[in-house]
Amino acid sequence: MYVVVNAAMSADGKLSTRERRQIRISGPEDFERVDRLRAESDAVMVGVGTVLADDPSLTLDDRDLVAEREAMGRDPHPARVVADSHARTPPDASILDDTAKSFVLVAEEEPTEHVQSLATAGAEMVVAGENRVELPEAFEKLENRGVERLMVEGGGELIFSLFEADLVDELHTFVGPKVIGGRDAPTLADGEGFVVDFPELDLVNVERIDDGVLLSYDV
Ligand SMILES: NC(=O)C1=CN([C@@H]2O[C@H](COP(=O)(O)OP(=O)(O)OC[C@H]3O[C@@H](n4cnc5c(N)ncnc54)[C@H](OP(=O)(O)O)[C@@H]3O)[C@@H](O)[C@H]2O)C=CC1
Ligand SMILES: Nc1nc(O)c(N)c(N[C@@H]2O[C@H](COP(=O)(O)O)[C@@H](O)[C@H]2O)n1
């Protein structure tokens, strides 16, 4: 599977506030770029932290992009994927609406009734890992269900785990003209952090967009 991570951060490297409230960092041109990246993907993924904080829909805004996908015989919108070991996604979350297919990745130890309530809400459940979603195994299972190109939008906990498991192929980060601050505010890669063997990036493009800059790396 080819994995593209895209996120917007403030000039001081934060994805949102210390209250984990979503902040508009991108401008209109960057949001259009994000919509195009979504349209090129088979699925768009977030961690359950982002679902609980933002209730995102992760669908396409631009009707032309929907029409282009349909003309190619693809589903109108990419599928949505949530990494959610303990099935904390609310059954009425936007990500489970019937606009697009949804996959919820859960751990083996999660009680069947929780898993069942999300399945009833329309999610396709993927079990991988004993007590936390094991990303390499989950991605293999997603690939078997047709997800060959995956876009990941965040948040910082999930992005760190993807780098840790060496699963990221490209990283795109829009750096917007804001300072958010806060030692507990999420950054692009949180988790435990690396102390050795830091993932190395190859800067392939720098572009001024809106009032910020888009940095694109191969991993
Ligand atoms: N500016 C931007 O572009 C973006 C900003 N955001 C912001 O980020 C914040 C949310 O980020 P964050 O709190 O880091 O949460 P995440 O969205 O990264 O979700 C983290 C949760 O995912 C679950 N998870 C399951 N499997 C794994 C795994 N293998 N590795 C890591 N996590 C896993 C864990 O919960 P469990 O153990 O229960 O499974 C974990 O707590 C929000 O404030 C949101 O607004 C989010 C996306 C983009
Ligand atoms: N690219 C980008 N720029 C920002 O400024 C942002 N705040 C985000 N947030 C991400 O977008 C999701 C919302 O998606 P929907 O509009 O609901 O489809 C949000 O959950 C973050 O993942 N992204």
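**Ligand 1.** I began with the residues around ligand 1 in this predicted model. The shell holds 31 residues, and those that come nearest are Gly47, Gly49, Ser85, Gly154 and Gly155. I took a residue as near a molecule if its C-beta atom, placed from the backbone, lies within 6 Å of it. By class I noted 12 nonpolar, 11 polar and eight charged residues. Here Ala, Val, Leu, Ile, Met, Phe, Trp, Tyr, Cys and Pro count as nonpolar, Asp, Glu, Lys and Arg as charged, and the others, Gly among them, as polar.

I then asked which element gives the most to this shell. Helix H2 does, with five residues. At least two residues each come from S1, strand S2 (43-47), H2 (48-54), strand S6 (149-154) and helix H6 (156-164). Helices (H or I, at least four residues) and strands (E, at least two) are DSSP runs, numbered from the N terminus.

**Conventions.** I recorded that residues are numbered from 1 along each chain as its sequence is written, while chains are lettered from A and ligands numbered from 1 in the order in which they are written. For this predicted model, local features need pLDDT of at least 70 and side-chain atom pairs count only at pLDDT 80 or more, whereas totals for chains, interfaces and linings use all residues.

**Ligand 2.** Around ligand 2 I found 15 residues, of which Ala8, Ile25, Ser26, Asp54 and Pro56 come nearest. H2 and S6 are the elements that give two or more residues to this shell. Its classes are seven nonpolar, five polar and three charged.

**Core.** The largest nonpolar core (buried Ala, Val, Leu, Ile, Met, Phe, Trp, Tyr and Cys residues joined through C-beta atoms within 7 Å) has 49 residues, and Val82, Leu105 and Val152 touch the most other members. Strand S1 (residues 2-10) provides the largest share, five residues. Leaving aside neighbours within four places in sequence, I listed the contacts of Val82 (C-beta atoms within 7 Å, placed from the backbone): Val46, Val48, Val51, Thr89, Ile95, Val104 and Leu105.

**Phe103.** I located Phe103 in strand S4 (residues 102-106). Is Phe103 buried or exposed? Phe103 is buried because it has 22 C-beta neighbours inside 10 Å; the cut-offs within 10 Å are 20 or more other C-beta atoms for buried, 12 or fewer for exposed, and partly exposed in between.

**Helix H3.** I turned to H3 (residues 63-71), where the count of buried residues among its nine residues is zero. Just after H3, Gly73 takes a positive phi of about 80°.

How values were computed: Contact = placed C-beta atoms within 7 Å.
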